[in-house]
Amino acid sequence: MNINTVNTGVNKNVRKDRVGRGPGSGNGKTAGRGSNGQRSRAGSSVSPLFEGGQNPLSRRIPKRGFNNKVFADVVESVSLKSILRKIDPSVEVTPEVLETRGLIKSAKSFVKLIGSDELNAAYKFKVHRVSEGAKAAVEKAGGAIEILPGKKPVVKNKMKSKK
């Protein structure tokens with residue numbers, strides 16, 4: 001698009017192309033719409049998913065299996081670095097505090113503490129899960145971690161042979 005072909009406000013002297021006005025216009029006969037068919041008619045709008053009456057792809061593909069995504073637990077991870085920046089050491093760190101400070105989306109989700117950054121003060125945490133590095137860093141600084149109750153992580157292979 002060029003500035004001299006814009007028809008709104010800038011250059012009002014540019015005429016709109018009048019299609020279907022004979023062969024001399026350059027857009028005569030089929031008016032630039034190709035040949036006959038549904039899309040050559042005025043007012044036609046066809047869904048991009050429509051396949052001309054053929055059984056659509058969304059119906060041809062088999063729908064098998066089970067998806068538990070709706071019911072899955074949401075685990076939000078919070079790094080020690082972000083806690084150092086946004087939370088005072090005198091405050092007990094709970095999911096509600098993390099939500100109000102904007103570190104997690106919802107206090108209802110499971111919270112996992114991650115990171116191995118050095119803490120400069122003794123923080124008290126109430127979270128659902130903790131990484132090994134974060135646990136060591138908090139204990140080294142003299143802080144405490146309380147694990148909140150929640151569902152245990154799913155064990156993938158329960159039938160493993162016992163040796």
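**Exercise 1. Strand E3 and its partner**

Task: In this predicted model, find in which sense E3 and E5 pair and over how many bridges, and then say which side chains of E3 point to the buried face.

Solution: Begin with the pairing, where E3 and E5 run in the parallel sense and are joined over four bridges. Within this pairing, Phe125 stands opposite Ile145 in E5. Next, follow the side chains along E3, which alternate: Phe125 and Val127 point to one face and are buried, while Lys124 and Lys126 point to the other face and are not buried.

**Exercise 2. An aromatic pair**

Task: Decide how the rings of Tyr123 and Phe125 are arranged, and whether Phe125 is buried or exposed.

Solution: The structure holds one aromatic pair. The rings of Tyr123 and Phe125 have their centres 5.9 Å apart and their planes at 25 degrees, so the pair is stacked; the cut-off needed for this step is that planes under 30 degrees apart count as stacked. For the second part, recall that buried means under 20% relative accessible area. Phe125 has a relative accessible area of 2% and is therefore buried, and Tyr123, at 2% relative accessibility, counts as buried too.

**Exercise 3. The open sheet**

Task: Give the order of the strands in the open sheet of three strands, and name the edge strands.

Solution: The order is E1-E2-E4, and the pairing is parallel. The edge strands are E1, residues 75–79, and E4, residues 129–130, each of which pairs on one side only. Looking at one of these pairings in detail, E1 and E2, the latter covering residues 110–114, pair in the parallel sense over five bridges. As one example of a bridge partner, Ser79 is matched in E2 by Ile114.

**Exercise 4. The surroundings of Phe110**

Task: Work out where Phe110 lies, which residues it is in contact with when its neighbours within four places in sequence are left aside, and which residue lies over the face of its ring.

Solution: Phe110 lies in strand E2 and, with a relative accessible area of 12%, is buried. Leaving aside neighbours within four places in sequence, Phe110 is in contact with Asp73, Val74, Val75, Glu76, His128, Gly150 and Lys151. One of these partners, Asp73, is 37 residues apart from Phe110 in sequence, although the C-alpha to C-alpha separation of the two in space is 7.3 Å. Over the face of the Phe110 ring lies Arg129, at 5.2 Å from the ring centre.

Another partner, His128, can be treated in the same way. His128 is placed in the loop between E3 and E4, and its relative accessible area of 15% makes it buried. Not counting residues up to four places away in sequence, His128 touches Pro95, Ser109, Phe110, Val111, Ile147, Leu148 and Pro149.

**Exercise 5. The largest nonpolar core**

Task: Name the residues of the largest nonpolar core that touch the most other members, and find which element gives the most to this core.

Solution: The core has 18 residues, of which Leu80, Ile83, Leu98, Leu113 and Phe125 touch the most other members. Two or more residues come from each of helix H2 (80–86), helix H3 (95–100), E2, strand E3 (124–127) and helix H4 (132–140). H4 gives the most, with three residues. To see the surroundings of one member, take Leu98, which touches Val78, Ile83, Ile87, Val93, Leu103, Ile104 and Val111 when residues up to four places away in sequence are not counted. A general remark helps here: in soluble globular proteins, nonpolar side chains tend to be buried together.

**Exercise 6. The two sides of helix H4**

Task: Identify the buried residues of H4, explain why they line one face of the helix, and name the exposed residues on the face turned away from the buried side.

Solution: The buried residues of H4 are Ala134, Ala137 and Val138. Seen down the axis of H4, these residues fall within an arc of 95 degrees, so they line one face of the helix. The general rule behind this step is that an α-helix has 3.6 residues a turn, so residues three or four places apart point the same way. The buried residues of H4 pack against H2, E2, E3, E4 and strand E5 (144–147), whereas the face turned away from the buried side carries the exposed residues Glu132, Glu139 and Lys140. Just after H4, Gly142 takes a positive phi of about 90 degrees.

Key
Residues are numbered from 1 along each chain as its sequence is written. This is a predicted model: local features need pLDDT of at least 70, side-chain atom pairs count only at pLDDT 80 or more; totals for chains, interfaces and linings use all residues. Side-chain values use heavy atoms; hydrogens and water are left out. Two strands pair if DSSP finds at least two bridges between them. Rings of Phe, Tyr and Trp (its six-membered ring) pair if their centres lie within 6.5 Å; planes under 30 degrees apart count as stacked, over 60 as edge-to-face and the rest as tilted. Buried means under 20% relative accessible area, exposed over 50%, partly exposed in between (1.4 Å probe, protein chains only). A charge sits over a ring if NZ of Lys or CZ of Arg is within 6 Å of the ring centre and within 35 degrees of the ring normal. A nonpolar core is a set of buried Ala, Val, Leu, Ile, Met, Phe, Trp, Tyr and Cys residues joined through side-chain atoms within 4.5 Å. Contact means heavy atoms within 4.5 Å. The arc is that of the directions from the helix axis to the C-beta atoms.
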